[in-house]
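User: I am a first-year student and should like a close look at a single part of this structure. Please take one helix and explain, step by step, what surrounds it.

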Amino acid sequence: MDSFCPRCRLVEETCLHALRDCPKVAAFWRSVLPKKLAPKFFNGDDVTVWLETNLSFSEAAFFWPTFFGIAVELLWEWRNHFVFFSEDSWHYLDLIEIIYLRRKDYMRAHASHNLMTRNLL
């Protein structure tokens, strides 16, 4: 197995390339980015800083850290599915729908937890 990105075959694959910079992944991010994040989202080459910045961003109209975390997990899953099963059947619009459904489930579970915790006190 070589070190080039298995999806675009343009550059050596790094975690940041797989999760942000690969053209297929970048198209997804461009379609969902909050306007306040867009100018700096693709800057920098430190994956840890990129993850921390997005997981702590709270100025977006919807809960960006939750959306972002679910998106990163699904993008990694998508990448692994392609690498290990040679299937690239997902489209970024499918990912958006799955992310919103998972986010909705997460928010519902979070609200239930808060309600249960409040009732126990």
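Analyst:
**Helix H5 and its surroundings**

The protein has six helices and zero strands. Read from the N terminus, the order of elements is therefore α-α-α-α-α-α. The model is a predicted one. Of the 121 residues, 35% count as buried. Among the contacts in the protein with a separation of 6 or more, 49% are between residues 24 or more positions apart.

The part chosen here is helix H5, which covers residues 64-85. Its length can be checked by a simple calculation: at 1.5 Å a residue, the 22 residues of H5 should span 32 Å. The C-alpha atoms at its two ends are 30 Å apart, which agrees with that expectation. After H5 comes Ser86, with a positive phi near 55 degrees.

We may begin with Trp64 and Phe67. These two residues are three apart in helix H5, so about one helical turn separates them. Their rings form a stacked aromatic pair among the eleven aromatic pairs of the structure. The ring centres of Trp64 and Phe67 are 5.6 Å apart, with 25 degrees between the planes; planes under 30 degrees apart count as stacked. Both Trp64 and Phe67 are buried.

Trp64 and Phe67 also belong to a wider cluster. Ring pairs link them with Phe28, Trp29, Phe41, Phe42, Trp50, Phe68 and Tyr100. A pair of another kind within this cluster is that of Phe41 and Trp50. Their ring centres are 5.5 Å apart and their planes stand at 70 degrees, so this pair is edge-to-face. Both Phe41 and Trp50 are buried.

Next along the helix we consider Ile70, which lies in H5. Ile70 has a relative accessibility of 15% and therefore counts as buried, since the limit for that term is under 20%. Leaving out residues up to four places away in sequence, Ile70 touches Ile99, Arg102 and Arg103. Tyr106 is 36 residues away from Ile70 along the chain, and 9.7 Å separates their C-alpha atoms.

Further on, two charged side chains are placed over aromatic rings. The charged end of Arg7 sits over the ring of Trp78, at 5.3 Å from its centre. Arg79 lies over the face of Trp76, and here the distance to the ring centre is 5.0 Å.

Arg79 leads us to Glu13, because a polar contact of 2.7 Å joins the side chains of these two residues. Glu13 is found in the segment before helix H1, which covers residues 15-21. With a relative accessibility of 18%, Glu13 counts as buried. Apart from its neighbours within four places in sequence, Glu13 is in contact with Ser3, Phe4, Cys5, Pro6, Ala18 and Arg79.

One of those residues, Cys5, raises a last point: why is the sulfur of Cys8 not bonded to the sulfur of Cys5? A disulfide is a covalent bond between the sulfur atoms of two cysteines. The closest cysteine sulfur to that of Cys8 is the one in Cys5, at 3.6 Å, which is too far for a bond, since the cut-off is 2.5 Å. The structure as a whole holds zero disulfides. Cys8 is buried, with a relative accessible area of 18%, whereas Cys15 is partly exposed, at 43%.

Note on methods: Residues are numbered from 1 along each chain as its sequence is written. This is a predicted model: local features need pLDDT of at least 70, side-chain atom pairs count only at pLDDT 80 or more; totals for chains, interfaces and linings use all residues. Side-chain values use heavy atoms; hydrogens and water are left out. Buried means under 20% relative accessible area, exposed over 50%, partly exposed in between (1.4 Å probe, protein chains only). Helices (H or I, at least four residues) and strands (E, at least two) are DSSP runs, numbered from the N terminus. A polar contact is a pair of N or O atoms within 3.5 Å; within protein, one must be able to donate a hydrogen and the other to accept it, and residues adjacent in sequence count only if both atoms are side-chain atoms. Contact means heavy atoms within 4.5 Å. Rings of Phe, Tyr and Trp (its six-membered ring) pair if their centres lie within 6.5 Å; planes under 30 degrees apart count as stacked, over 60 as edge-to-face and the rest as tilted. A charge sits over a ring if NZ of Lys or CZ of Arg is within 6 Å of the ring centre and within 35 degrees of the ring normal. The expected span of a helix is 1.5 Å times one less than its number of residues.
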